[in-house]
Amino acid sequence: MSSKRTVQFKIYRYDPDKDDKPYMQDISVELEESDKKLLDALVRLKAKDDTLSFRRSCREGVCGSDAMNINGKNGLACLTSMDDIVQPITLRPLPGLPVIRDVIVDMTQFFKQYHSIKPYLINNDPAPERERLQSPEDREELNGLYECILCACCSTSCPSFWWNPDKFVGPAGLLAAYRFLADTRDQATSERLDNLEDPYRLFRCHSIMNCVDVCPKNLNPTKAIGKIKDMMLRRAV
Amino acid sequence: MKVAKRTFDAVIVGAGGAGLRAALQLSEAGMKTAVLTKVFPTRSHTVAAQGGVAASLGNSTEDNWHWHMYDTVKGSDWLGDQDAIEFMVKKANEVVVELEHYGMPFDRTDNGKIYQRPFGGHSQNYGQTPVSRSCAAADRTGHAMLHALYQRNVRANTQFFVEWMAMDLIRNANGDVLGVTAMEMETGEVSIFHAKATIFATGGAGRIYYSSTNAFINTGDGVGMAARAGIPLEDMEFWQFHPTGVAGAGVLITEGVRGEGGILRNASGERFMERYAPNLKDLASRDVVSRAMTTEINEGRGAGSAKDHVLLDITHLSPETINKRLPGIREISIQFAGVDPIKALIPVVPTCHYQMGGIPTNYKGQVVVPKDGEKNVPIVGFYAAGECACASVHGANRLGTNSLLDLLVFGKAAGETVVSDFQSGQLKLQPLPEDAADVSLARIARLETQTGGEDVHEVRLEMQRTMQKHAGVFRFADVLKEGVTKIMDVAERAKRTQIKDKSKVWNTARTEALELDNLIEVAKATMVSAEARKESRGAHVRDDALDCAETPNGRDDKNWLKHTLWYSEGNRLDYKPVNLQPMSADVEPIALAKRTY
């Protein structure tokens, strides 16, 4: 690989303060050898044009800030390699949420759904002096669930969420719901299931599996949703 | 420009571990609280902590707080205040168990207790053998902790102001703190948050260095705001360089890797730590390991074509252990080093990681400053906790896993102090000065109108390169001196930053310019304090400090067993004594000794 290379971008731009409507901007930037990830390239681009706006923080895939639509697929800029990326690199905001500016979206609806599943442990027993015990096997049930970084790649790639963002909890929220249903320390199983028993909140998931395809942490919301549906079914019979 | 005013019982700035832990105390006590945060809470940098949180639960190996206290004082190279350290280690079990009750998914031992692993500098029986003291959720402890704390705050109905950037501290003529000004990033509007109590939990400023494990957001906002408001910064010369940042990328590889059995090797494959720390070897304290690595590299034993890094080896661990205990590290190695650690060695270098100094506080979380001949007088209405604060428990060098413990213990303590001051009626809503928002509005106006100014990106880069070159792992008298001149020049340039983006909406160019003002305060404090401290202690090691019987390892207790206080105004230094006295009679002071591992 040569040390300097120029890459082409096509970026969704919109500043409500000055633009009547959004447009796609063609722009290129020369990268240094140390620019390995898409986020590095965006930072380089921003040094050239400081009006380009995007969220970013940890740059290592744990904070969930820099989710965007990259060449048609949702992902994190910081985990997207520049080595084999197709040019021009087309960047758009996450689909289905209101755009605030450039690739920055308003995530209110996404977090509202997350909050709606009561994303906290419910255990009404008096707190013991020491930790509540949990076997390593029971703890393992939480693997693949608790690691979610709330980046919204999944929910904003889900057609059911696009249609009903106000009624369907969406893959991220449902993954979190199952994280608490699966926790042996949690006592609110039936309350949690009641909260999801509705034609929209849970059952709008039609196993399209876009969520699984895009999750930058390799989590599987569809599987978790299937398990919630199983619990519902077992409860009904 | 008209400025909106909002009134609260308390305002907390920052929603990482410390801010969220403090917020819980206030919300649960029914105080009307605003938590300001420039990122959604779970995006705060606590999320990136990996290896664990210290507590002497003794779930796997025998342990007690006395040993933890000894390790922490020794780790601090005796610069830590022993009252605050005693307070922290005694509270550790309580705050960790509390977190488990909140739902934190700790790994488990076979009998169902919280899993604990060994960590650098933590020992049994006063330095004898490694102890399993780090309570861990795989290698994602910070993520699990931050989410658990956020979730508990959702339950407690805490009121968040998400994507609001605090700009300046508001003080009255008496010096009391009355709140902050803050800018809503979506609209660019400035508001006054008027409160009876203000808690800073704004994290560190690791982005003053070119190579850092820290997130982009770690720009020392609270520390900068405090410095500009006339509050001195304590012990800012002490910066932790974490031994294992991914070479080239800077991304953190937890010390937990070595806790699980990982070994550092030089180019010839030698386990070189045996030569530097015969007892704890790869699990010696971070400053010791970082210096050993740098020495290996400087003496030509580094790996790679440029011989500029060393190698972290876990190939002898089973793939099952790696996948179970270190799954995140495997991901990071593949992503950022192009190496699967099951099969190959990870290239690592010491990388700036943690700010030991900060806003001076006592163990209750009150901000304390010298006044009328007294050294530690609380500022009315002002509290701080976590990395932005200096209690001081880490002194000259922090032990791994003590940072997550610090933010839990002191986040809670600051919250408790505020609640008790509030309930006793001690806290009052004092009248705002007429000009409360003027400084902030002037900063915004300057950015609007500046012409012929300096590029934010360029000035920041110059600051980062200067810090990296002049105040690194090893420090040299002449290089530090030159560094002071250079950083003061950079600071002058930072006063004239210019941005092209003039939008009101989500103007990140403006945010970065405002952040640079904070970073610059931290950079100046660091360089000036480091140049002045003529000894080696913990993470501050200089070439002209002689290692002899009088000053072991170059540490000069006779002249330098004291905390630095740096004032932004006049670039002035002051000092105050270290508290060598524990807070209770439960423990004897840990006597000064030469530090070896």
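Q: How many salt bridges count between domain 1 of chain A and domain 2 of chain A?
A: The count is one. This is a predicted model, in which local features need pLDDT of at least 70, side-chain atom pairs count only at pLDDT 80 or more, and totals for chains, interfaces and linings use all residues. Residues are numbered from 1 along each chain as its sequence is written, chains are lettered from A and ligands numbered from 1 in the order in which they are written, and side-chain values use heavy atoms, with hydrogens and water left out.

Q: Why is the pair K73(A) and D213(A) called a salt bridge?
A: The term requires a side-chain nitrogen of Lys or Arg within 4 Å of a carboxyl oxygen of Asp or Glu. The N to O distance between these side chains is 3.8 Å. The pair therefore qualifies.

Q: What makes domain 1 and domain 2 of chain A separate domains?
A: The bounds come from an automatic or database domain assignment. It gives 5-105 for domain 1 and 107-236 for domain 2. Their C-alpha centres lie 29 Å apart.

Q: What makes up the contact between domain 1 and domain 2 of chain A?
A: 16 residues of domain 1 touch 15 residues of domain 2, where contact means heavy atoms within 4.5 Å. Buried area is the accessible area (1.4 Å probe) that two parts lose on being put together, summed over both. Here it is about 1,200 Å², with 65% on carbon and sulfur atoms. K73(A), N74(A) and L97(A) supply 37% of what domain 1 buries, more than any other three residues.

Q: How many residue pairs are in polar contact between these two domains of chain A?
A: Four, with both residues at pLDDT 80 or more. A polar contact is a pair of N or O atoms within 3.5 Å; within protein, one must be able to donate a hydrogen and the other to accept it, and residues adjacent in sequence count only if both atoms are side-chain atoms. Strand β4 (residues 73-76) gives the most to the domain 1 side, with four residues.

Q: How many residues of chain A and chain B are in contact?
A: 60 residues of chain A meet 65 residues of chain B. Together the chains bury about 5,200 Å², 51% of it on carbon and sulfur atoms.

Q: How do you know that E163(B) and R55(A) form a salt bridge?
A: The N to O distance is 2.6 Å. The cut-off is already stated above, and this pair meets it. Between the two chains the count is seven salt bridges. Polar contacts add 38 residue pairs.

Q: Which element of chain A gives the largest share of the side that touches chain B?
A: Helix α1(A), with five residues. Helices (H or I, at least four residues) and strands (E, at least two) are DSSP runs, numbered from the N terminus. By class, this side holds 30 nonpolar, eight polar and 22 charged residues. Ala, Val, Leu, Ile, Met, Phe, Trp, Tyr, Cys and Pro count as nonpolar, Asp, Glu, Lys and Arg as charged, and the others, Gly among them, as polar.

Q: Why does D77(B) count as buried?
A: Buried means under 20% relative accessible area, exposed over 50%, partly exposed in between (1.4 Å probe, protein chains only). D77(B) has 7% relative accessibility, so it is buried. The residue sits in the loop between α2 and α3 of chain B. Its contacts beyond four places in sequence are A396(B), R537(B), G538(B), R555(B) and R595(B). Its C-alpha atom is 6.9 Å from that of G395(B), 318 residues apart along the chain. Its phi is positive, about 55°.

Q: What makes α2(B) mostly covered?
A: Of its 11 residues, 10 are buried. They include W65(B), W67(B) and Y70(B). The buried residues pack against β3, α3, β4, β5 and α11 of chain B. At the N-terminal end N64(B) acts as cap, with a side-chain oxygen 2.9 Å from the backbone nitrogen of H66(B).

Q: How many salt bridges does the rule find between domain 2 and domain 3 of chain B?
A: Zero. One residue pair is in polar contact. On the domain 2 side there are no nonpolar, four polar and two charged residues. The buried area is about 400 Å², with 71% from carbon and sulfur atoms. D287(B), R291(B) and T294(B) lose the most area on the domain 2 side, together 81% of what that side buries.
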